[in-house]
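Work through the exercises below with the model open. Each task is followed by a worked solution.

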Amino acid sequence: MIRHAETLPYLEHGMPKRTIAIVTGTRAEYGLLEPVMAAVGARPGLSLQLIVTGTHLVTDSIRDIRFPIAARVRMQKKVSDTFSPFSRAADVQALSRGISGLGKAFERLEPDVVVVLGDRIEAFAAATAASIGGYRIAHLHGGDRAEGVADEAMRHAISKLSHLHFPATAQSRKRLIRMGENPANVWKFGSPAIDALKGVKPAEDAPALIVMQHPVGASEEDERRWMNATLKATAKYDRLVMSPNHDPGRSGILAAITDYGIQPVDHLPRPRFLELLAGAKAIVGNSSAGLIEAAALRTPAVNIGPRQAGRERPRSVVDTKPQLNAIRLAIRDALSMDTRQLRHPYGNGMTGPRIAEAFASIDLNVVPINKHNLY
């Protein structure tokens, strides 16, 4: 049952299909959006328009996309190009290409609602293009706090551009309302990351530890030093080391991995990753998967450094500084943790269908494109 149902007059029957453009830019965010895409595609009153951009178009992650693609918008340049694709300066140029290309895609597709998730430049480009172009925007995972990365400011900027809000937790919903968003247009349905966890069985060949550490926008020297400490702390365990996100600082992390002679795993299909995560003794690094998916699977997490600062976390998360001895102690604490009665704040696994129901039911005529802030 949709919360605030009184604000959602039922319009699905007898109406033309409502087009929902969902924008995806990375493998991680695609995994979260996939349940929403599936629910939108299965809803009789809705038509899915999938727009692919970002690192999907410079990596192999596009091969996992199982929905028809309505538009491809290139933002980042490939590694072979003269301009490095993984720096703040490169992000500025990628953002400008994204706004232009996504604006053209929206003009061609004419969606009723543009859907973005999170805080990255791909979502910011889509929200900017949609706002200026006169399209309604729905934002997932707005109101979260992740103060350790530059993307934090973009998350809240996206929220202010957006018209419909689907925060993952009660605290995030309260933040959005304090930011002046209309409570009638803010629904706490949980994180779609939880939807894919039903029926996940622990992989028998899962490693003891999954190491998943992403850049935080620091210097390459700092990123390399912090990753070196993580690799030293996990060296005695059977471990799987994942490649970092394609963000500024990535090369420093890869240099540390190369120093150890490790061949990182560039990409895992999400079902396989979840099976390994369910079977692992802990996940170590700074991925949001340690705070969200791992918690729902009752896998402890060692969260290193500032990347997830401010984000809600259950007691299965052990926070630590990016220092060798501190990480070793945190791993010890995580491995001795009892997570059988663990609770998390991210919903019950029905987020995708509930968001699709909202898209099919809400009267967009009462959601003006011109924003009206209530503060």
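**Exercise 1. Find how many bridges join strand β1 to strand β2, and which way the two strands run.**

Solution. This is a predicted model. Start with the ranges: β1 covers residues 18-24 and β2 covers residues 46-53. Seven bridges join them. The two strands run parallel. Now take one residue, T24: its bridge partner in β2 is V52.

**Exercise 2. Give the strand order of the open sheet of six strands, then name its edge strands.**

Solution. Strands of a sheet pair through backbone hydrogen bonds, either parallel or antiparallel. Here the pairing is parallel, and the order reads β3-β2-β1-β4-β5-β6. Next come the edges, β3 (69-73) and β6 (164-166). They are edge strands because each pairs on one side only. Last, the turn between neighbours: it is 20° on average, direction ignored.

**Exercise 3. Determine which strands helix α2 lies across.**

Solution. Helix α2 spans residues 88-109. It lies across β1, β2, β3 and β4 (113-117). Its angle to β3 is about 155°.

**Exercise 4. Describe the largest pocket: its volume, its lining and the elements that supply that lining.**

Solution. First the volume: about 1,100 Å³. Then the lining: 49 residues, with T26, R27, A28, E29 and N245 nearest the centre. Helices α1 (27-42), α4 (151-161) and α8 (270-279) each supply at least two lining residues. The largest share, seven residues, comes from α1. Sorted by class, the lining has 16 nonpolar, 16 polar and 17 charged residues.

**Exercise 5. Count the cavities of 30 Å³ or more. Then characterise the largest and the second largest.**

Solution. The count is three cavities of 30 Å³ or more.

Take the largest cavity first. Its volume is about 70 Å³. Among its lining residues are H214, E223, W226 and P322. The lining divides into six nonpolar, four polar and one charged. Which residue is the charged one? Glu counts as charged, so E223 fills that place.

Now the second largest cavity, at about 50 Å³. Its lining includes M212, I283, S287, L291 and V302. Strands β9 (282-285) and β10 (301-304) each supply at least two of the lining residues. By class there are six nonpolar, five polar and no charged residues.

Finish with N286. It is in the lining of the largest cavity, and N286 also lines the second largest cavity.

Conventions: Residues are numbered from 1 along each chain as its sequence is written. This is a predicted model: local features need pLDDT of at least 70, side-chain atom pairs count only at pLDDT 80 or more; totals for chains, interfaces and linings use all residues. Side-chain values use heavy atoms; hydrogens and water are left out. On a 1 Å grid over the protein atoms alone, a cavity is a set of points where a 1.4 Å probe fits but cannot get out, and a pocket is an open set with protein on both sides within 12 Å along at least five of seven lines; lining residues have an atom within 4 Å of a point. Grid points are joined across faces, edges and corners, and a volume is the space filled by probe spheres set on the points. Helices (H or I, at least four residues) and strands (E, at least two) are DSSP runs, numbered from the N terminus. Axes are lines fitted to C-alpha atoms, for helices over the stretch in contact, and angles run from 0 to 180 degrees between N-to-C directions. Contact means heavy atoms within 4.5 Å.
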